Amino acid sequence: MTDNRLEKLEEIGAIARMIGWGSADILTYYHTDAAGKLKVREKKEGPVTNADVAANEYILQKLRIAFGSLEFGYLSEESYQSHTNGDRRDHQWVWIIDPIDGTRAYIQQNPNYAVHIALVYEGQPVVAVVAVPSAQKLYYAQRGGGAFVETRSGDRTPVRVSSRDHLKDLCLLTRRTRKGEKLDELLQRLPCQTQQYMGSIGCKIAAIVEQQVDGFISLSGRGAPKDWDFAAPELILTEAGGQLTFVDGTPLRYNQKDINQWGCAIASNAHCHEALCHEVEKILATL
């Protein structure tokens, strides 16, 4: 039997976009730090700010008011260890949230940070919002409905990945790497070009669907990206014509027991995704 919520994705997405803009306003407020509003504390997983906490509480509150907690689960970076709603894995429908993707950039007044809000159904994203406050843009998608960028004035434009279809012509984004690090070695040996460094996965996806670049490679080490890093960006990328898989071609799955996305994940404009994966897999085997 078809879940009738699948027929209401446009309505659900409209609410998620409104919440995305509201959370972007919160981050902008804390970023204007003339009065010392931003407070930072170090955790084992990395820095967290009072802006993370405020945006997280806002998003969760608004989603719970709109959708409740009986039929929807919630998985958020800032509160995933609490079980106030029971086990998220009891739910087919789960909201996956990252109030600031790129916290270090945010602290450093770097514009490359984003808000991620995704609705996952049976392990796959069906609604996605990535808000980029510094650019005053919000990217969104729903399954089967295409991907769009929205401005503050309400203008909406479809987004589509580039048409570059040769490995040597692809331009890849990367994060900062240390000399000798496996990712650094991999990028040096690929025939693709390497663009500027960018930590936020949401901002990387925005750059891909705006046709500024063509892809990126995520290689887990001692830590790995989490569900909230990938869920919203993946749907926006795929609805814009791109592809995001593990290096062996298997799809990412969300709301599993382990929230880590271990291994090598590759995002691209899809035109030579298989060839890029094959090249990466071949190089990794020698490192």
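Which residues do ring pairs link into a cluster? Keep that in mind as you look around this predicted model; the tour ends there.

**Stop 1: two helices.** Select residues 9-31, which form helix H1, and residues 50-67, which form helix H2. Turn the view until you can look along both. Their axes lie 9 Å apart and pack at an angle of about 160°. Angles over 145 degrees count as roughly antiparallel, and H1 and H2 are therefore roughly antiparallel to each other. The crossing of H1 past H2 is right-handed.

**Stop 2: the contact between them.** Now show side chains. On the H1 side, pick Ile-12, Ile-15, Met-18, Ile-19, Gly-22, Ser-23, Ile-26, Leu-27 and Tyr-30. They meet Asn-50, Ala-51, Ala-54, Ala-55, Tyr-58, Ile-59, Lys-62, Leu-63, Ala-66 and Phe-67 of H2. Colour this contact by class and you should find 15 nonpolar, three polar and one charged residues.

**Stop 3: a pair of tyrosines.** The structure holds eight aromatic pairs. For one of them, select Tyr-29 and Tyr-30: their ring centres are 5.2 Å apart and their planes stand at 80°, so this pair is edge-to-face. Add a surface to see how the two are placed. Tyr-30, one of the H1 residues that meet H2, counts as buried at 17% relative accessibility. Tyr-29 is partly exposed, with a relative accessible area of 48%.

**Stop 4: the ring cluster.** Go back to Phe-67, which you met among the H2 contact residues. Add Phe-72, Trp-93, Trp-95 and Tyr-121 to the selection. Together with Phe-67, these residues are linked into a cluster by ring pairs, and that answers the opening question.

Note on methods: Residues are numbered from 1 along each chain as its sequence is written. This is a predicted model: local features need pLDDT of at least 70, side-chain atom pairs count only at pLDDT 80 or more; totals for chains, interfaces and linings use all residues. Side-chain values use heavy atoms; hydrogens and water are left out. Axes are lines fitted to C-alpha atoms, for helices over the stretch in contact, and angles run from 0 to 180 degrees between N-to-C directions. Helices (H or I, at least four residues) and strands (E, at least two) are DSSP runs, numbered from the N terminus. Angles under 35 degrees count as roughly parallel, over 145 as roughly antiparallel, 65 to 115 as roughly perpendicular and the rest as oblique. A crossing is left-handed if the near helix is turned anticlockwise from the far one by less than a right angle, and right-handed if clockwise. Contact means heavy atoms within 4.5 Å. Ala, Val, Leu, Ile, Met, Phe, Trp, Tyr, Cys and Pro count as nonpolar, Asp, Glu, Lys and Arg as charged, and the others, Gly among them, as polar. Rings of Phe, Tyr and Trp (its six-membered ring) pair if their centres lie within 6.5 Å; planes under 30 degrees apart count as stacked, over 60 as edge-to-face and the rest as tilted. Buried means under 20% relative accessible area, exposed over 50%, partly exposed in between (1.4 Å probe, protein chains only).
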